[in-house]
Amino acid sequence: MPYDELQITLQTTFGYPGFRPLQREIIEASLAGRDVFALLPTGGGKSMCYQLPALHRDGLTVVVSPLIALMKDQVDQLQAAGVAATFMNSSLGEREARSRLAGLHRREWRLLYVAPERLMLDSWAENLRAWNVTALAIDEAHCVSEWGHDFRPEYRQLAQLRDVLPDIPVMALTATATERVRADIIKHLRLRDPQIYVASFNRPNLTYRVLPKDGPLNQIIDFVKKRADESGIVYCATRATAERVAESLSSRGYSARPYHAGLSNNERAENQELFLRDETKIICATIAFGMGINKPNVRWVIHYDLPKNIEGYYQETGRAGRDGLPGDCLLLFSGGDAAKQTHFIDEITDEHERNVARAQLRRMLHYAENAACRRRELLAYFGETFATDNCGACDNCLEPRETYDGTIAAQKFLSCVYRVRQASRFGVGLNHIVEVLTGAATEKIRRWGHDKVSTYGIGPEMSRPQWAAVGRELMRMGFLAQAEGEFPTLELTQEGMDLLRTRRPVSLTKPIALPKVKKAALREGDVACDEILFARLRELRKKLADEKRVPAYVIFGDKTLRELARLYPTTERDLIGIFGMGDKKRAEFGKTFTDAIAGFLETNPKMKFDETK
């Protein structure tokens, strides 16, 4: 890579040794005046794509963001790096808002973060023309599309900015979008012949696991015990669960707070701020409300309840390990959660919306129960093929599930589907087949005469959840098909009919069980370092952050501290090239950290590390 102006800015301002995938191409296209659509995964460095070019333009770059917390977070980090950035949103008092507007008229800022609804106020069209706006970046661009997972009508109005600022390049960025959503974004934002960049969705530093939900509060406590000093998020389906989990963790001495829409604005803001500043280690948040933060040192994410769809799950797990260091993602799964989600879906009044939600839930269930590589399954959802069958960083790859001879179980299930269809001339759903197999005495079974078919009650050896799991696996294997729409009835495929006739052997996968996974000494993204020094440097970072009243990662991220605790720099010159150590931060904090390291070395020997790790 040539050591040019972009590279120099990246290293001297932000302290990064090199660009992440596609960042450089996106930045160059934008500086060339092209409209850009960028799809980069969570933690893939989207913000750098508009922050760095803003420093190579004469005017103002306007960044549209829907999240107040994220605006403040990014502005704090930019200002710490010496970049003239500000935000305008409803959190500002009238006096502060007037002061910032005056600064914009004096052209003091390089970046302005603003909410979409404020941008569309009548008075702002005149302001935007007066402020020498030279670029527009629209973050979380999936909010434009009603096919996305977080549609916001005010985002649709942003297309009007093309009339206000007809000659400036527009950049639309998102972390999750299917091909349909991508097309929607380009159309509704009126992007002109955009350069389109789609990065890999793979997060190699994340490990994915699914466990059967069995005493979930105890499971979470057992998980957290081994990670006492780490920050994490527990996602819950309801406010009540988020409160209960936070209370349960707090009562056992863990620093945990809830975060959901039922809290007052002040309490929610306070809990989030405590989490950002590492005062609170664990946030228990509702899935529906989300977090909207850029905390890079979240080390783990637990899903207490089954997410509604893969997109939401991917985004939420993606909040772990944004600094590139390892992160753990654990999903607690039970068939009961799937039934609850189905009940919620049945209450949706719009038929199309209901059918989409059902299809998304089926895909989520497939992910949770699948015995193949979880990373491969996630990437396939976004249309990406993972190169191998074993990622080495999910439960199914680390500890492959056992199989068993499922020939008789498969024959019973497929026969039941066939006999019920033959008896009543119409198909039924998965649950009904399970009830017939287990000899349930329901009103529907009696009314339709399914208690008279030869397969009624032939499956007492398994519970209903076990039979349901067999049925879903036969679907995944292609022996059964499930109809789309309001009535997801089961039908035998041609392969299923052939299997029924030939009775050839079938291997089925045993249900997920508590695994005996040995944690690898070093995982993808790990930086081996002197852990005692790392802990000391974290304490120093916390002290400095508290003095400045900012989150700890605004001073330095964990990756920077781990490099310091590996390389033992004792002079400011030694700090050149350390990850995340830009010029301003080196000048402001360098001596404090090198003095601390020198002091540590007076009583502790240096450790040696394998340079390949």
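Buried means under 20% relative accessible area. By that cut-off, 54% of the 613 residues of this predicted model count as buried.

**Figure 1. Overall fold of the protein, with 27 helices and 17 strands.** The C-alpha trace spans about 85 × 65 × 50 Å along its principal axes. The radius of gyration is 27 Å, which agrees with the value near 25 Å for a compact globule of 613 residues. Among contacts with a separation of 6 or more, 73% come from residues 24 or more positions apart. The exposed area of the protein is about 27,500 Å², and carbon and sulfur atoms supply 50% of it. The 86 positive and 81 negative charges have mean positions 2 Å apart.

**Figure 2. Cysteines Cys 373 and Cys 529.** A disulfide is a covalent bond between the sulfur atoms of two cysteines. The cut-off for assigning one here is a sulfur pair within 2.5 Å, and by this rule the count comes to 0 disulfides. Cys 373 is in no disulfide, the nearest cysteine sulfur being that of Cys 397 at 3.7 Å. Cys 373 counts as buried because its relative accessibility is 3%. Cys 529 is also buried, at 6% relative accessibility.

**Figure 3. Helix H11 and the elements that cover it.** Helix H11 comprises residues 216-225, and its buried residues are Pro 216, Gln 219, Ile 220, Ile 221, Phe 223 and Val 224. The cover over these buried residues includes one helix, H12 (239-251), as well as strands E8 (206-212) and E9 (231-236). Strands E11 (282-286), E12 (298-303) and E13 (327-333) are also included in that cover.

**Figure 4. Ile 233 in strand E9.** Strand E9 (231-236) is among the elements covering the buried residues of H11. Ile 233 has a relative accessible area of 0% and therefore counts as buried. Leu 101 is 132 residues from Ile 233 in sequence, and the C-alpha atoms of the two are 36 Å apart in space.

**Figure 5. Positive phi at Leu 22 and Asp 193.** Most residues other than glycine have a negative phi. Leu 22, which is not a glycine, has a positive phi near 75 degrees. Leu 22 lies in the loop between helix H1 (5-14) and helix H2 (23-31). At Asp 193, likewise not a glycine, phi is positive at about 45 degrees. The loop that holds Asp 193 runs between helix H10 (179-188) and strand E7 (195-198). Exposed means over 50% relative accessible area, and Asp 193 counts as exposed because its value is 61%.

**Figure 6. Asn 370 in the loop between helices H16 and H17.** Helix H16 covers residues 351-369 and helix H17 covers residues 374-381. Although placed in a loop, Asn 370 counts as buried, at 12% relative accessibility. Leaving aside residues up to four places away in sequence, Asn 370 touches Glu 377, Asn 396, Arg 401 and Arg 476. The C-alpha atom of Asn 370 is 9.4 Å from that of Pro 511, a residue 141 positions away along the chain.

**Figure 7. Leu 121 in the loop between helices H6 and H7.** Helix H6 spans residues 116-119 and helix H7 spans residues 122-130. The relative accessible area of Leu 121 is 43%, so this residue is partly exposed. Gly 321 is 200 residues from Leu 121 along the chain, and their C-alpha atoms are separated by 37 Å.

**Figure 8. Val 554 in helix H25 and its contacts.** Helix H25 consists of residues 552-555. Val 554 is buried, with 4% relative accessibility. Not counting residues up to four places away in sequence, Val 554 touches Asp 76, Gln 77, Ala 80 and Lys 585. One of these, Gln 77, is 477 residues from Val 554 in sequence, yet the two are 5.2 Å apart, C-alpha to C-alpha.

Note on methods: Residues numbered from 1 in each chain as written. Predicted model: local features only at pLDDT ≥ 70, side-chain atom pairs only at ≥ 80, totals over all residues. Heavy atoms only, no water. Helix = DSSP H or I, 4+ residues; strand = E, 2+ residues; numbered from the N terminus. Rg over C-alpha atoms; globule rule 2.2 N^0.38 Å. Buried < 20%, exposed > 50% of the residue type's maximum accessible area, 1.4 Å probe, protein only. Contact = heavy atoms within 4.5 Å. Areas by Shrake-Rupley, 256 points an atom, 1.4 Å probe, with all protein chains shown as cover. Lys, Arg positive; Asp, Glu negative; His and termini not counted. Charge placed at Lys NZ, Arg CZ, Asp CG, Glu CD.
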